[in-house]
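Could you walk me through this protein as if I were seeing a structure for the first time? I would like an explanation that goes step by step.

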Amino acid sequence: MSRIDVRKTYKLYIGGQFPRSESGRSYVVNDAKGRLLANAAQASRKDARDAVVAARAAFGGWSTKTAYNRAQIVYRIAEVLEGRREQFEAELRAAEGVSAAKAKTYVDAAIDRLVWYAGWADKITQVVGNANPVAGPFFNLSTPEPSGVIAVVAPRGALLGLVSVVAPLIVTGNTVVVIASQDNPLTAITLGEVMATSDLPGGVVNVLTGSQSEIAPWLASHMDVNGIDLTGVEDAALASELEVAAADNLKRVRRPAPDTDWLLEPGLDRMTRFMETKTVWHPIGV
């Protein structure tokens, strides 16, 4: 007996939920050979605003969790991803046309990267913070704190690239609104499913699928977004437009880096770029 395939509907991930776009739009996602792979929700300006509201609501609770607790949760994301590795490998093979061995390499690296950043959650303050020597009877202490809500234009590296830009932001206490790769968005939503079942509070990571050129300008100009990572922007004119828009409320900006080799070992820069340094003076003996 023949049966009809039950195709998965790829939705957005906002505030811990999986809504369709409020506009009702979707777009076709093709596989590496140009054949229909799935339909994905096409996010609108309203969806972007909703994602920022969710990220801001989650920021207070997430940023005040202990670094050790954030590390536990990010490590749990790695555990759940490990349990669903076959699904991710299949999606990478279909969407990007990579070999089974290459897909396994990317999934392995994504899991390892989550574990690596989880390990830094309770160590980054000791490395980049400082007890400053001052000429006076004062304690002078500098400590890093998260910037707030960060918008991210994700790179084409559908899984490893996405993990590499999101993990360093959330381990340091930021909340995130991600515009997934337009051509390869499916693993981003599947990663959202992993996050939804791994103790990560709703709103800490929000994933939008659709057009960079439509969604990114609204996030760049949004006055409740504190920073924007343009790593995945490949259009130089769009990147310049987004940087200008981001200047209105002095957002921190990370410039585009579309040709990054995500298999290389990460450094600390992706954690420190979107952290603020708070310095406290306190009289000695009082």
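Let's begin with lysine 278, which is partly exposed in this predicted model, with a relative accessible area of 39%. Lysine 278 has a charged partner: glutamate 145 forms a salt bridge with it, and the closest N and O atoms are 2.8 Å apart. This pair ties together distant parts of the chain, since glutamate 145 sits in strand 4 and lysine 278 in strand 10, 133 residues apart. Glutamate 145 counts as partly exposed too, at 31% relative accessibility.

Those two strands bring us to a sheet. Three strands form an open sheet in the order 3-4-10, and their pairing is antiparallel. Which strands lie at the edges? They are strand 3 (130–131) and strand 10 (275–283), each of which pairs on one side only. As background, strands of a sheet pair through backbone hydrogen bonds, either parallel or antiparallel. Here, 2 bridges join strand 3 to strand 4 (residues 138–146), and the two run antiparallel. If you would like a spot to find on screen, look for alanine 131, which stands opposite leucine 141 in strand 4.

Now back to charged side chains. How many salt bridges does the structure hold? The count comes to 19. One of them joins the side chains of glutamate 79 and arginine 76, at 3.1 Å from N to O. These two residues are 3 apart in helix 2 (residues 67–83), so about one helical turn separates them. Both ends of this bridge can be checked for exposure: glutamate 79 is partly exposed, with a relative accessible area of 39%, and arginine 76 is partly exposed at 33%.

Another salt bridge within a helix links aspartate 108 and lysine 104, at 2.9 Å from N to O. Here the residues are 4 apart in helix 4 (residues 100–120), so again about one helical turn lies between them. Aspartate 108 is partly exposed, with a relative accessible area of 24%, and lysine 104 is partly exposed with a value of 42%.

Lysine 104 is worth a second look. Setting aside residues up to four places away in sequence, lysine 104 touches Arg85 and Glu89. These residues belong to a network of salt bridges that links Glu82, Arg85, Glu89, Lys104 and Asp108. For a sense of scale, lysine 104 and valine 171 are 67 residues apart in sequence and 25 Å apart in space, C-alpha to C-alpha.

Next, let's go inside. The largest nonpolar core has 59 residues, and the members that touch the most others are Val166, Ile170 and Leu200. Which helix gives the most to this core? That is helix 6 (residues 160–171), with 9 residues. To see what such packing looks like from one residue, pick leucine 200. Leaving out its neighbours within four places in sequence, leucine 200 is in contact with Trp62, Ile73, Ile77, Ile170, Met195 and Val205. There is also a second, separate core of 28 residues, whose members include Ala41, Ala51, Ala151 and Val177.

Met195, one of the contacts of leucine 200, is among the buried residues of helix 7. Is helix 7 (residues 186–196) mostly covered or mostly open? Helix 7 is mostly covered, with 10 of its 11 residues buried. Along with Met195, the buried residues include Leu186, Ile189, Leu191 and Val194, as well as Thr187, Thr190 and Glu193. What covers them includes strand 1 (26–30), strand 2 (36–41), helix 2, helix 3 (85–96), helix 6 and strand 7 (205–208).

Finally, look for empty space. A search of the whole structure finds 1 cavity of 30 Å³ or more, and the largest cavity has a volume of about 30 Å³. Its lining is made up of Ser164, Val165, Pro168, Leu169, Asp229, Arg254, Arg270, Arg273 and Phe274. Helix 6 gives the most to this lining, with 4 residues. You have met helix 6 before, as the helix that gives the most to the largest nonpolar core.

Key: Residues are numbered from 1 along each chain as its sequence is written. This is a predicted model: local features need pLDDT of at least 70, side-chain atom pairs count only at pLDDT 80 or more; totals for chains, interfaces and linings use all residues. Side-chain values use heavy atoms; hydrogens and water are left out. Two strands pair if DSSP finds at least two bridges between them. A salt bridge is a side-chain nitrogen of Lys or Arg within 4 Å of a carboxyl oxygen of Asp or Glu. Buried means under 20% relative accessible area, exposed over 50%, partly exposed in between (1.4 Å probe, protein chains only). A nonpolar core is a set of buried Ala, Val, Leu, Ile, Met, Phe, Trp, Tyr and Cys residues joined through side-chain atoms within 4.5 Å. Contact means heavy atoms within 4.5 Å. On a 1 Å grid over the protein atoms alone, a cavity is a set of points where a 1.4 Å probe fits but cannot get out, and a pocket is an open set with protein on both sides within 12 Å along at least five of seven lines; lining residues have an atom within 4 Å of a point. Grid points are joined across faces, edges and corners, and a volume is the space filled by probe spheres set on the points.
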